[in-house]
Amino acid sequence: MEFQNRMSSEMVACIAVEALSILERMHARGYVHGDVKPENFLLGQPSTAQEKKLFLVDLGLATKWRDGASGHHVEYDQHPDMFRGTVRYASVHAHLGRTASRRDDLESLAYTLIFLHRGRLPWQGYQGDNKSFLVCKKKMATSPEMLCCFCPSPLKQFLEIVVNMKFDEEPNYSKLISLFDSLIGPNPAVRPINTDGAQKVGQKRGRLNVEEDDDGQPKKKVRLGVPATQWISIYNARLPMKQRYHYNVADARLPQHVERGMADGLLISCVASCSNLWALIMDAGTGFSNQVYELSPIFFHKEWIMEHWEKNYYISSVAGATNGSSLVVMSKGTQYTQQSYKVSESFPFKWINKKWKEGFHVTSMATAGTRWGVVMSRNAGFSDQVVELDFLYPSEGIHRRWDNGYRITATAATWDQAALILSIPRRRPGDETQETLRTSQFPSTHVKEKWAKNLYLSCLCYGRTVA
């Protein structure tokens, strides 16, 4: 039920223009506010010269988006256990623990304006420890069309633009302001807020084409609000080798595929699950000397794993099914010297961060229903490692990591989230080429095409990945 004290379109438009002007000035000084919400906008005292002037207060969460020494944009990062802001109005990137940038203030402003006009946002009312998770999920699943169905079109256009901004993209404030021109009355004397100073002196407002970037190229939308489930497959450049795949494998048929592969000199390099059926990748380039596996109705059968740890086997690949069962592969001849794993109801980033400090790195991951299972190993051969976690496939984050020398080394997904581990190897391969695919069906045709280019499957999972 919406509140009855909703603001008119003209009032909201005036607030939008003045707020954008304030944020433009703040961003020009190199800072983002970090907590844009209705409570942090105040009007000047009545019967004074400032009574129609808007003020943005509470800079307690303000951070730099620009390095003061170099003048360059701060580096992108993600810490999924860190949240800054107010849950109701925070950007999706803030929920996911990404480094704050100018786009986050603008997304929060969009939610603020929609709240002021409608009196309510669809994600109000969530409670409990996982409130931020549920709100973020709802924001990702709510398209601008749905959220702004009772709002004037400039609000929808504004939201569409800001939720699709890149991390270091410079906002075009004058164009954003011009969206609200049609909602503001022509007589400045009756405007509820003074917007005279919102436009820079000498700056001409331009019309905004929301389908194109400033360079005239089509603008790719990254959040459309329509989730889908797909296979994520990762391919690494390798010297020519033999690789084999099987998919839609029932429990009873798994042994014959494994035995046939082993007879041909192949060992399991990767496993995954879809609809309680297994996908199996076997190749001649694992470097393992021996291998065992277990199909279990338990997600990570502790006793079996510990028994084989004692025999110097280490978990090299794992998959979980939606019915809670798991396929755990343990190999001898790995470079690992110690291993630990954790099963949790949410992605265990705090545990991962703790183990990183102890010299462990993530070497495999899996999900079973909503549960996550993460395996970390000492002497994994990595010098650094990061996480990309999102409710959709985190394309921008992956490309930024690639640019900094990281490569995907593990991936897993639930029906809600996709997580990718990216690592920098201690010994760089001669060819660092890595490619990813997202397909609705198992990528059998694509795998063969990749083989022709000496690209081989290295990671595989199935879950929610795209908008």
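**Stop 1: Gly119 and helix α3**

Select Gly119. This glycine comes right after α3, and its phi is positive, near 90 degrees. Keep in mind that you are looking at a predicted model.

Now step back into the helix and select residues 102–118. That is α3, with 17 residues. From first C-alpha to last, α3 reaches 25 Å. The expected figure, at 1.5 Å a residue, is 24 Å, so the two are close. Switch on a surface. Is α3 mostly covered or mostly open? Mostly covered: 17 of its 17 residues are buried.

**Stop 2: Asp168 and Arg400**

Next come the salt bridges. How many does a search of the whole structure find? The count is 17.

Select Asp168 and Arg400. They form a salt bridge, and their closest N and O atoms are 2.8 Å apart. Trace the chain from each end. Asp168 sits in the loop between α6 (153–163) and α7 (173–178). Arg400 belongs to helix α11, residues 395–403. The two residues are 232 residues apart, so this pair links distant parts of the chain.

Colour by accessibility. Asp168 has 36% relative accessibility and counts as partly exposed. Arg400 is also partly exposed, at 21%. The cut-off for buried is under 20%, so Arg400 falls outside that class.

**Stop 3: Glu307 and Lys311**

Move to Glu307 and Lys311. Here the closest N and O atoms of the salt bridge are 3.5 Å apart. The pair counts because the limit is 4 Å. Check both ends for exposure. Glu307 is partly exposed, with a relative accessible area of 41%. Lys311 is partly exposed too, with 41% relative accessibility.

**Stop 4: Lys450 and Glu435**

Select Lys450 and Glu435. Their side chains meet in a salt bridge, 2.3 Å from N to O. Which elements hold the two partners? Lys450 lies in helix α12 (residues 444–451), and Glu435 lies in strand β18 (residues 434–439). The pair therefore ties together parts that are 15 residues apart in sequence.

Compare the two ends. Lys450 counts as buried because its relative accessibility is 10%. Glu435 counts as partly exposed, at 23%.

**Stop 5: a shared network**

Finish with a group selection: Asp77, Arg98, Glu388, Asp390 and Arg401. Show their side chains together. Salt bridges that share partners join these residues into one network.

Notes: Residues numbered from 1 in each chain as written. Predicted model: local features only at pLDDT ≥ 70, side-chain atom pairs only at ≥ 80, totals over all residues. Heavy atoms only, no water. Helix = DSSP H or I, 4+ residues; strand = E, 2+ residues; numbered from the N terminus. Buried < 20%, exposed > 50% of the residue type's maximum accessible area, 1.4 Å probe, protein only.
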